[in-house]
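User: I'm new to reading protein structures, and I'd like to take one part slowly. Could you pick a single helix and walk me through what surrounds it?

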Amino acid sequence: MRRLAVPRLNLSDPAQADLARPLASDPAFQVRYELLAPLSRLANATGDCAPIVARFKDPSPIVAMRAIDVLSATCANLDEAVAPLVEWADKLGRPEEVSRWHLPSRALTASRWTGFRPSSN
């Protein structure tokens, strides 16, 4: 039920934002995944993408990849998002360091709109 309600939250409303705080650490990855929709709407309205960037560290790769997808190039604090994206994308050039390719490849696709470029090895 939480998963169905989360995308409809309006995080610019303080009461609804209070409801969303515990959902960021919900045990169900589906709830954390769905929370990215209202976080993205809030980031587009405010320019603050820190809550989305925080989801890069989610224990579920699908949530972290969704966070990369909803990150907006118009974020005022995009620089803090670029460092982990570059780190992940650079791992594609070092296959011995990559046990799973999903996050690094998703980070590389983000370079199309963020303007970062992985380093040359």
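Analyst: Let's take helix α3 and work outwards from there. One thing to keep in mind: this is a predicted model.

Start with the helix itself. α3 covers residues 29-46 and has 18 residues. From its first C-alpha to its last it reaches 25 Å, close to the 26 Å expected at 1.5 Å a residue.

Now, which residues of α3 are buried? They are Val31, Arg32, Leu35, Leu36, Pro38, Leu39, Ser40 and Ala43. Look at how the numbers are spaced, and keep a bit of helix geometry in mind. An α-helix has 3.6 residues a turn, so residues three or four places apart point the same way. As for what lies over these buried residues, the cover includes α1 (2-5), α2, α4 and α5 (61-70).

Next, the pocket. α3 helps to line the second largest pocket, supplying 3 residues, the largest share of the lining. Leu35, Leu39 and Leu42 are among the lining residues, and Leu35 and Leu39 also appear among the buried residues of α3. Two other helices, α2 (14-20) and α4 (50-54), each supply at least two lining residues as well. Elsewhere in the lining you'll find Leu11, Arg21, Ala24 and Arg55, among others. How does the lining divide by residue type? It has 9 nonpolar residues, 2 charged ones and no polar ones. The pocket's volume is about 160 Å³.

Then follow the chain out of the helix. Just after α3 comes Gly47, with a positive phi of about 85°. A little further along is Cys49, which is joined to Cys75 by a disulfide, with an S to S distance of 1.6 Å. This pair links distant parts of the chain: Cys49 sits in the loop between α3 and α4, while Cys75 sits in the loop between α5 and α6 (79-90), 26 residues apart. The count for the model comes to 1 disulfide. What about its handedness? The torsion about the S-S bond of Cys49 and Cys75 is about -65°, so the disulfide is left-handed. Both Cys49 and Cys75 are buried.

So here's the picture to carry away: α3 has a set of buried residues with other helices covering them, it gives the largest share of the lining of the second largest pocket, and the loop between α3 and α4 holds Cys49, one end of the link to Cys75.

Methods
Residues numbered from 1 in each chain as written. Predicted model: local features only at pLDDT ≥ 70, side-chain atom pairs only at ≥ 80, totals over all residues. Heavy atoms only, no water. 1 Å grid on protein atoms, 1.4 Å probe; cavity = no way out; pocket = protein on both sides within 12 Å on 5 of 7 lines; lining within 4 Å. Points joined across faces, edges and corners; volume = space filled by probe spheres on them. Helix = DSSP H or I, 4+ residues; strand = E, 2+ residues; numbered from the N terminus. Nonpolar A, V, L, I, M, F, W, Y, C, P; charged D, E, K, R; others polar. Expected span 1.5 Å × (residues − 1). Buried < 20%, exposed > 50% of the residue type's maximum accessible area, 1.4 Å probe, protein only. Contact = heavy atoms within 4.5 Å. Disulfide = S-S within 2.5 Å.
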